[in-house]
Amino acid sequence: INGAYFFTDSIIYEDKKHGEKPPKVPVPKDKYLICHIVFFLIGVSHFLPISFLAAANNFWLYKFKDPLDENTSAENRTTLQTYFASATLIANTVPAFIFGLFNIIGGQKFKITNRFLLTLGIELMVFTLITISATINTDNPTPMILS
């Protein structure tokens, strides 16, 4: 390959056959570890709600039970109890697919900082909504929730 460049640790090296050395590119410094903190928060805010939903299946079966019915067998589940696991999977997969396509097609038109902050904000909002929904008392029959 004539004049090929190799990328290693943010420094560009030209093919050794030609004997030319390109100038070294300085590695950007993250003095306050902002990049680490943002990625950590995005990871936590993304995977924590999903883990809550997946691991606490019995909790959600209890939350979505019919409060007027004392029979809690598997054959006597409400619609919310029956479809909760599949609805959770769809609710996680469809937005990930849509925003993945958005990033592939048009993501380069926006600054990476804005994309990360928007993602972090949306995921924190979803986490907050899940946390609030877990605190709602569903033992009292309310037609709006159970219909």
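This passage describes the fold, the annotated spans, the core and the surface of a predicted protein model.

Residues are numbered from 1 along each chain as its sequence is written. Local features of this predicted model need pLDDT of at least 70, side-chain atom pairs count only at pLDDT 80 or more, and totals for chains, interfaces and linings use all residues, while side-chain values use heavy atoms, with hydrogens and water left out.

The protein chain holds five helices and two strands, arranged along the sequence as β-β-α-α-α-α-α. Helices (H or I, at least four residues) and strands (E, at least two) are DSSP runs numbered from the N terminus. Contacts are heavy atoms within 4.5 Å; of those in the protein chain with a separation of 6 or more, 51% join residues 24 or more positions apart. The accessible surface amounts to about 11800 Å², and carbon and sulfur atoms supply 69% of this area; accessible areas come from the Shrake-Rupley method with a 1.4 Å probe, and for residues only the protein chains shown count as cover. Of the 147 residues, 17% are buried, where buried means under 20% relative accessible area, exposed over 50%, and partly exposed in between.

The unreviewed UniProt entry annotates residues 33–62, 82–104 and 116–136 as "transmembrane region"; such annotations, given in the numbering used here with shortened feature names, may be inferred rather than shown by experiment. In the model, residues 82–104 are 100% helix and 0% strand, with end C-alpha atoms 35 Å apart. For residues 116–136 the end C-alpha atoms lie 31 Å apart, and the span is 95% helix and 0% strand.

Turning to the interior, the largest nonpolar core consists of five residues, Leu53, Trp60, Phe64, Phe84 and Ile130. Such a core is a set of buried Ala, Val, Leu, Ile, Met, Phe, Trp, Tyr and Cys residues joined through side-chain atoms within 4.5 Å. Leaving aside residues up to four places away in sequence, Phe84 touches Leu53, Asn57, Trp60 and Phe64. Thr78, in the loop between helix 2 (57–63) and helix 3, touches Phe64, Lys65 and Asp66 under the same sequence exclusion of up to four places. Thr78 counts as buried because its relative accessible area is 19%.

On the outside, Ile90, Val94, Phe97, Ile98, Phe99, Leu101, Phe102, Ile104, Ile105 and Phe110 make a nonpolar surface patch of about 1000 Å². Patches are made of residues with over 30% relative accessible area and no salt bridge, joining like charges within 9 Å and nonpolar side chains (Val, Leu, Ile, Met, Phe, Trp, Tyr) within 5 Å; a salt bridge is a side-chain nitrogen of Lys or Arg within 4 Å of a carboxyl oxygen of Asp or Glu. Ile105 belongs to helix 3 (residues 79–106) and is exposed, since its relative accessible area is 65%.

Two loop residues complete the picture. Leu33, between strand 2 (11–14) and helix 1 (34–55), has a phi near 55°, a positive value in a residue other than glycine. Leu33 is partly exposed, at 45% relative accessible area. Ile136 sits in the loop between helix 4 (112–135) and helix 5 (143–146) and is partly exposed, at 38%. The C-alpha atoms of Ile136 and Lys63 are 8.7 Å apart, although 73 residues separate the two along the chain.

Methods: Buried < 20%, exposed > 50% of the residue type's maximum accessible area, 1.4 Å probe, protein only.
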